[in-house]
Amino acid sequence: MTAAFSFSYGPRLRSVAGICAQLADLLPPGPVLLVTDAGVRRFGLCDGALAALKGRAVVVFDAVEADPSAKTVLAAVEAGRAGGVASVVGLGGGSPMDVAKLVAYLLGSGDDLAAIYGVDQAKGQRLPLVLIPTTAGTGSEATPIAIVTVGETEKKGVVAPALYADWALLDADLTLGLPPAATAATGIDAMVHAIEAYTSARLKNPVSDALAKEALRLLSANLPKVLANGRDVAAREAMLLGSHLAGVAFSNAPVAAVHALAYPLGGHFHVPHGLSNALMLRPVLRYNQPAAGALYGELATCLDPTVPESAEAAFFSAIDALLTASGLPLRLRDIDIPESALELMAREAMKQQRLLINNPRLLEEADALALYRQAW
């Protein structure tokens, strides 16, 4: 008998190359706030969305940075308020989409950002919201989660159903020019979402399990293809779908220690989120093996369909092979993280109790320090 559980599917989804051309049909009348970043705009990835919105007043906010700050969120809110916008579009990687979710909520509800950090604190109404990813990694378009940097280094999250978008648009055309390093980092990020959802100590359920396994299958099969040929539209579509399914999975069965240990790398050293996860993945998986080894074995056939089921060793071999083939740096020293910073990061990781409670094995500060040392 299956234990009782609940599950939220998130936004409505449209997935087809060129879907941005239909953006206007999904928004109410009135001015639109388009939230993005300078790089996405410079490379012309907003052009299709802007063309679809021709004839409307569009406020473009393109000042979102990596690891976006609370100040950036509030600046985008002011831009939207000044433009009298009736809806919000987030277009880009996880940072613009996270900001767009918060901005749509704050504009619609009138709440203060400082009052909604944590889980289920945002209870008001947001403006209509459409999210369009330009990477296959964060799955932010699928989740009710937004992460911002508060002060200089601390990351805080807002997790609430009100942050689910109305629509998520998966347009592979927007990912064709993504460079190999960014493709690899975001792809590994999405794989971490699937793995941590499948092994989550809280709220794991049969639906999240099914989505996590399919996400991992799609991502592991297609990441080598898009690294070999970034113009492979079918593989790019599969990566976007895998990332989205992983996002839906971890929205319900939340991520854990890989993310908790990755956040200080972003907060203190501005390491991109996907790369941070890739750097901490192997040490955390090995640490969790005594508690989650059987589950890792169940995921082995998602990574390599030729291995027998419950092949725990094959899971680790396949992860090692994918990380090596990604071309990403795999040691903290390779990206100039000083050994002297490891104790600070271990202390900072302990602030992420929202994530650590989901880890299949208890992880304390001494354990975090040991894992950073392994990664260094």
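Cavities, a pocket and the helices around them

The second largest cavity is lined by E196, T199, A256, V258, V284, L285, N288, Y296, N359 and P360. This is a predicted model, and in it that cavity holds about 40 Å³ of space. The helix that gives the most to its lining is α9, residues 273-303, with 4 residues. Sorted by class, the lining of the second largest cavity contains 6 nonpolar, 3 polar and 1 charged residues.

How does one come to speak of empty space inside a protein at all? Rolling a probe the size of a water molecule over the atoms shows where empty space is left. When the whole structure is searched, 4 cavities of 30 Å³ or more are found, and the largest cavity has a volume of about 60 Å³.

Which residues line the largest cavity? They are T153, E154, K155, Y263, P264, H268, E348, K351 and Q352. Both β8, which spans 154-159, and α8 supply at least two residues of this lining, and the largest share, 3 residues, comes from α8. By class, the lining of the largest cavity is made up of 2 nonpolar, 3 polar and 4 charged residues.

Helix α8 is worth following further. Its residues are 257-269, and its axis comes within 8 Å of the axis of helix α11, residues 342-349, the two crossing at roughly 120 degrees. That angle makes α8 oblique to α11, and α8 passes α11 in a right-handed crossing. On the α8 side the residues that meet α11 are A260, L261, P264, L265, H268 and F269, while on the α11 side they are L344, M345, E348 and A349. By class, this contact of α8 with α11 has 8 nonpolar residues, 1 polar residue and 1 charged residue. A reader who returns to the largest cavity will find P264, H268 and E348 listed in its lining, and these residues also take part in the contact of α8 with α11.

Helix α8 also packs against α9, at an angle of about 130 degrees and with the two axes 8 Å apart. The helices α8 and α9 are therefore oblique to each other, and their crossing is right-handed. The contact is made by A257, V258, H259, L261, A262, Y263, L265 and G266 of α8, together with H273, S276, N277, L279, M280, L281 and V284 of α9. The residues of this contact of α8 with α9 divide into 10 nonpolar and 5 polar, with no charged residue. Among the residues of this contact are V258 and V284, which also appear in the lining of the second largest cavity.

From the cavities we can turn to a pocket. How much space lies in the second largest pocket? The volume is about 190 Å³. Its lining consists of E65, A66, D67, S69, A70, K71, T149, G151, E152, G266, G267 and H270. The elements that give two or more residues to this lining are α3, which spans 70-82, and α8. By class, the lining of the second largest pocket has 2 nonpolar, 6 polar and 4 charged residues. One of these lining residues is G266, which also belongs to the contact that α8 makes with α9.

A further pair of helices can be read in the same manner. The axes of helix α5, residues 180-198, and helix α7, residues 233-252, come within 8 Å and cross at roughly 35 degrees, and the crossing of α5 and α7 is left-handed. The contact is made by T183, G187, A190, H193, A194 and A197 of α5 and by R236, M239, S243, A246, A249 and F250 of α7. By class, the contact of α5 with α7 has 7 nonpolar, 4 polar and 1 charged residues.

Key: Residues are numbered from 1 along each chain as its sequence is written. This is a predicted model: local features need pLDDT of at least 70, side-chain atom pairs count only at pLDDT 80 or more; totals for chains, interfaces and linings use all residues. Side-chain values use heavy atoms; hydrogens and water are left out. Axes are lines fitted to C-alpha atoms, for helices over the stretch in contact, and angles run from 0 to 180 degrees between N-to-C directions. Angles under 35 degrees count as roughly parallel, over 145 as roughly antiparallel, 65 to 115 as roughly perpendicular and the rest as oblique. A crossing is left-handed if the near helix is turned anticlockwise from the far one by less than a right angle, and right-handed if clockwise. Contact means heavy atoms within 4.5 Å. Ala, Val, Leu, Ile, Met, Phe, Trp, Tyr, Cys and Pro count as nonpolar, Asp, Glu, Lys and Arg as charged, and the others, Gly among them, as polar. On a 1 Å grid over the protein atoms alone, a cavity is a set of points where a 1.4 Å probe fits but cannot get out, and a pocket is an open set with protein on both sides within 12 Å along at least five of seven lines; lining residues have an atom within 4 Å of a point. Grid points are joined across faces, edges and corners, and a volume is the space filled by probe spheres set on the points.
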